[in-house]
Amino acid sequence: TPVEHEHSYTAVVTAPTCTTGGYTTYTCTVCGDSYVADETSALGHSYENGFCTVCGGYEAPELNADGFYEIGNAGQLYWFAAQVNNGANNINAILTADIVDNENLMEKITIAEDGTATVNEGETIREWAPIGGLVYPYSGTFDGNGKTVKGLYRNVSANYVGLVGCLNKGGEVREVAVADSYFCAYSKVGGVVGYNLGTVSY
């Protein structure tokens, strides 16, 4: 038989995130009865250069009528690379602006005589994950549209490193330049394409 009592609730607040709302869960310490109240809306992303300043997520680019993702900032470039490296390796992209990832990168690192680099004290560098690799080589079309990508940094003991790590047969990279960037890897390293089985044109 339930024992009558006066509820004594404790509150646990779940804060909102960029994509989900917040709420408070009230639970009775006597009987365990609980309910949810005080719901708040999701915060929404706040992007700077395509990176959310709240959660670190990447801004998704728009897909145009020609089937190309229109990339206009660094976060959108990272978003595109993530899609390719998660298996969607035949999608297409076109740059709509020059892209700057790590601004003034070469001033933030020190390169030794053997070519290895260290990040200068007090500096924070975002590390690039190339578009396509051995598991999912890039098979789509990446149209640079005459633009330049700057500030990419990749310093690993691995293969397939560049703006595009591995370009598969049928894949195409065109009209894109890479500048003010640093790539160091075991093998198959290039500025635009690390390993090419497709078509690269300028």
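Student: What makes D143 and R174 a salt bridge?

Tutor: Quick heads-up that this model is predicted. In D143 and R174, the closest N and O atoms are 3.5 Å apart. The cut-off for a salt bridge is 4 Å, between a side-chain nitrogen of Lys or Arg and a carboxyl oxygen of Asp or Glu. An Arg–Asp pair at 3.5 Å fits, so the name applies.

Student: Why would two side chains pair up like that?

Tutor: Side chains of opposite charge can pair when their charged atoms come close.

Student: Which strands do D143 and R174 sit in?

Tutor: D143 is in strand β12, while R174 is in strand β16 (residues 172–179), so the pair ties together parts 31 residues apart in sequence.

Student: Are these two residues buried or exposed, and how do you know?

Tutor: Buried means under 20% relative accessible area. D143 has 10%, so D143 is buried. R174 has 25%, and since exposed needs over 50%, a value in between is called partly exposed.

Student: What makes D143, E172 and R174 a network?

Tutor: They are linked by salt bridges. R174 pairs with D143, and R174 also pairs with E172, where the closest N and O atoms are 3.3 Å apart. E172 has 22% relative accessibility, so E172 counts as partly exposed.

Student: How many salt bridges does the structure hold?

Tutor: Three. Another of them joins R126 and D101, with the closest N and O atoms 2.7 Å apart. That value is under the 4 Å limit, so this is a salt bridge as well.

Student: What makes you say that R126 and D101 link distant parts of the chain?

Tutor: They are 25 residues apart: R126 is in the loop between β11 (117–119) and β12 (141–150), and D101 is in the loop between β9 (99–100) and β10 (109–111). D101 is buried at 8%, whereas R126 is partly exposed at 30%.

Student: How many disulfides are there?

Tutor: Zero. Take C31: the nearest cysteine sulfur, in C28, is 3.7 Å away. A disulfide needs two cysteine sulfur atoms within 2.5 Å, so C31 doesn't make the cut.

Student: Why is C55 not bonded to C52?

Tutor: Their sulfurs are 3.7 Å apart, which is too far for a bond. As for accessibility, C55 is partly exposed at 47%, and C31 is partly exposed at 42%.

Student: Why is L95 called buried?

Tutor: Its relative accessible area is 0%, so L95 is under the 20% limit. L95 is in strand β8 (residues 92–95). Leaving aside neighbours within four places in sequence, its contacts include I71, F142, D143 and V176.

Student: How far apart are L95 and I71, in sequence and in space?

Tutor: They are 24 residues apart in sequence, and their C-alphas are 4.8 Å apart in space.

Student: What about Y153: is this residue buried or exposed?

Tutor: Buried, because its relative accessible area is 5%. Y153 lies in strand β13 (residues 153–155). Not counting residues up to four places away in sequence, Y153 touches several residues, among them L105, I109, W128 and Y182.

Student: What makes Y153 and N155 a polar contact?

Tutor: Their side chains come to 3.1 Å. The limit for such a pair of N or O atoms is 3.5 Å, so this one qualifies.

Student: How do you know that N73 is buried?

Tutor: N73 has 13% relative accessibility, so N73 counts as buried. You'll find N73 in the loop between β7 (68–71) and α1 (74–85). The N73 side chain reaches the backbone nitrogen of G75 at 3.3 Å. Beyond residues up to four places away in sequence, N73 touches N49, G50, E59 and I99.

Student: Which residues make the nonpolar surface patch?

Tutor: L134, V135 and Y136, with an area of about 330 Å². V135 is in the loop between β11 and β12.

Student: And why is V135 called exposed?

Tutor: V135 has 68% relative accessibility, and exposed means over 50%, so the label fits.

Technical notes
Residues numbered from 1 in each chain as written. Predicted model: local features only at pLDDT ≥ 70, side-chain atom pairs only at ≥ 80, totals over all residues. Heavy atoms only, no water. Buried < 20%, exposed > 50% of the residue type's maximum accessible area, 1.4 Å probe, protein only. Helix = DSSP H or I, 4+ residues; strand = E, 2+ residues; numbered from the N terminus. Contact = heavy atoms within 4.5 Å. Polar contact = N/O pair within 3.5 Å; in protein donor to acceptor, adjacent residues only side chain to side chain. Patch = residues over 30% accessible without salt bridge, like charges linked within 9 Å, V, L, I, M, F, W, Y side chains within 5 Å. Areas by Shrake-Rupley, 256 points an atom, 1.4 Å probe, with all protein chains shown as cover.
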